[in-house]
Amino acid sequence: MNTSTPIWQLTVGEFMELMRRCHADVQPPKETVSPHKHERLIHGIDGLAEFLGISKTKAMSLRKSGAIDQATTQLGRRLVFDPEKLMKLLEGKRV
């Protein structure tokens, strides 16, 4: 492969070889394991329902009941839930 060859004139094989060479020097980012199981935020009623393993209707009822208000932030029309606070609030309660 000539280094002056335009990229659009490379064959698929030549292009793949070029990509392999470029990526051989790059180290993939190391994944860090968080000591907290629930570090990410939960977005929306769908996310809440999935996180708690309940239906969307039950998740909406839980939200409207006020039981999880301390773990809830509303940004415009978006709902965001803090999983750690949520678990503390729901500890010992039947959902």
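**Figure 1. R20 and E17 sit one helical turn apart in α1.** Both residues lie in helix α1, three residues apart, which is about one turn of the helix. The model is predicted. The side chains of R20 and E17 meet in a salt bridge, with an N to O distance of 3.0 Å. E17 has a second partner, R21: the closest N and O atoms of this salt bridge are 3.5 Å apart. R21 and E17 also both lie in α1, here four residues apart, again about one turn of the helix. E17, R20 and R21 are thus linked in a network of salt bridges. E17 counts as partly exposed because its relative accessibility is 31%, and the buried class ends at 20%. The structure as a whole holds four salt bridges.

**Figure 2. A nonpolar patch on the surface involves helix α1.** I7, W8, V12, F15, M16 and M19 make a nonpolar surface patch of about 660 Å². One of these residues, M16, is found in helix α1, which spans residues 12-24. M16 counts as partly exposed because its relative accessibility is 42%, between the cut-offs of 20% and 50%. In soluble globular proteins, nonpolar side chains tend to be buried together. The patch residues, in contrast, form a nonpolar area on the surface.

**Figure 3. Three strands form an open antiparallel sheet.** The strand order is β1-β3-β2, with antiparallel pairing. β1 and β2 are the edge strands, and each pairs on one side only. Strands of a sheet pair through backbone hydrogen bonds, either parallel or antiparallel. Strand β1 (residues 42-43) is joined to strand β3 (residues 78-81) by two bridges. On this side of the sheet, I42 stands opposite F81 in β3. Strand β2 (residues 72-75) pairs with β3 over four bridges, also in the antiparallel sense.

**Figure 4. A hairpin connects β2 and β3.** Two residues lie between the strands of this hairpin. G76 is in the turn and has a positive phi of about 65 degrees. Within the paired strands, Q74 has L79 in β3 as its bridge partner. Q74 and L79 are also both contacts of R63, the residue shown in the next view.

**Figure 5. R63 is a buried arginine with a salt bridge to D69.** R63 has its place in helix α3, residues 56-65. R63 counts as buried because its relative accessibility is 19%, just inside the cut-off of under 20%. The R63 side chain meets that of D69 in a salt bridge, at 3.6 Å from N to O. D69 is partly exposed, with a relative accessible area of 42%. The bridge therefore joins a buried residue to a partly exposed one. Leaving aside neighbours within four places in sequence, R63 is in contact with I45, I68, D69, T72, Q74, L79 and F81.

**Figure 6. The largest nonpolar core draws on helices and a strand.** This core has 13 residues. I42, L48, A59, I68, F81, L86 and L90 have the most contacts inside it. The elements giving two or more residues to the core are α2 (44-52), α3, β3 and α4 (83-90). Helix α2 supplies the largest share, three residues. Two of the well-connected core residues, I42 and F81, also face each other across the pairing of β1 with β3. A59 is another of them. Not counting residues up to four places away in sequence, A59 touches I45, L48, A49 and I54.

**Figure 7. The whole chain gives the setting for the close-ups.** Its secondary structure comes to four helices and three strands. Along the sequence, the elements follow the pattern α-β-α-α-β-β-α. Of the 95 residues, 20% count as buried. The chain exposes about 8,100 Å², and carbon and sulfur atoms supply 53% of this area. Among contacts between residues at least 6 apart in sequence, 42% join residues at least 24 apart.

Notes. Residues numbered from 1 in each chain as written. Predicted model: local features only at pLDDT ≥ 70, side-chain atom pairs only at ≥ 80, totals over all residues. Heavy atoms only, no water. Patch = residues over 30% accessible without salt bridge, like charges linked within 9 Å, V, L, I, M, F, W, Y side chains within 5 Å. Areas by Shrake-Rupley, 256 points an atom, 1.4 Å probe, with all protein chains shown as cover. Buried < 20%, exposed > 50% of the residue type's maximum accessible area, 1.4 Å probe, protein only. Pairing = 2+ DSSP bridges. Contact = heavy atoms within 4.5 Å. Core = buried A, V, L, I, M, F, W, Y, C linked by side-chain atoms within 4.5 Å.
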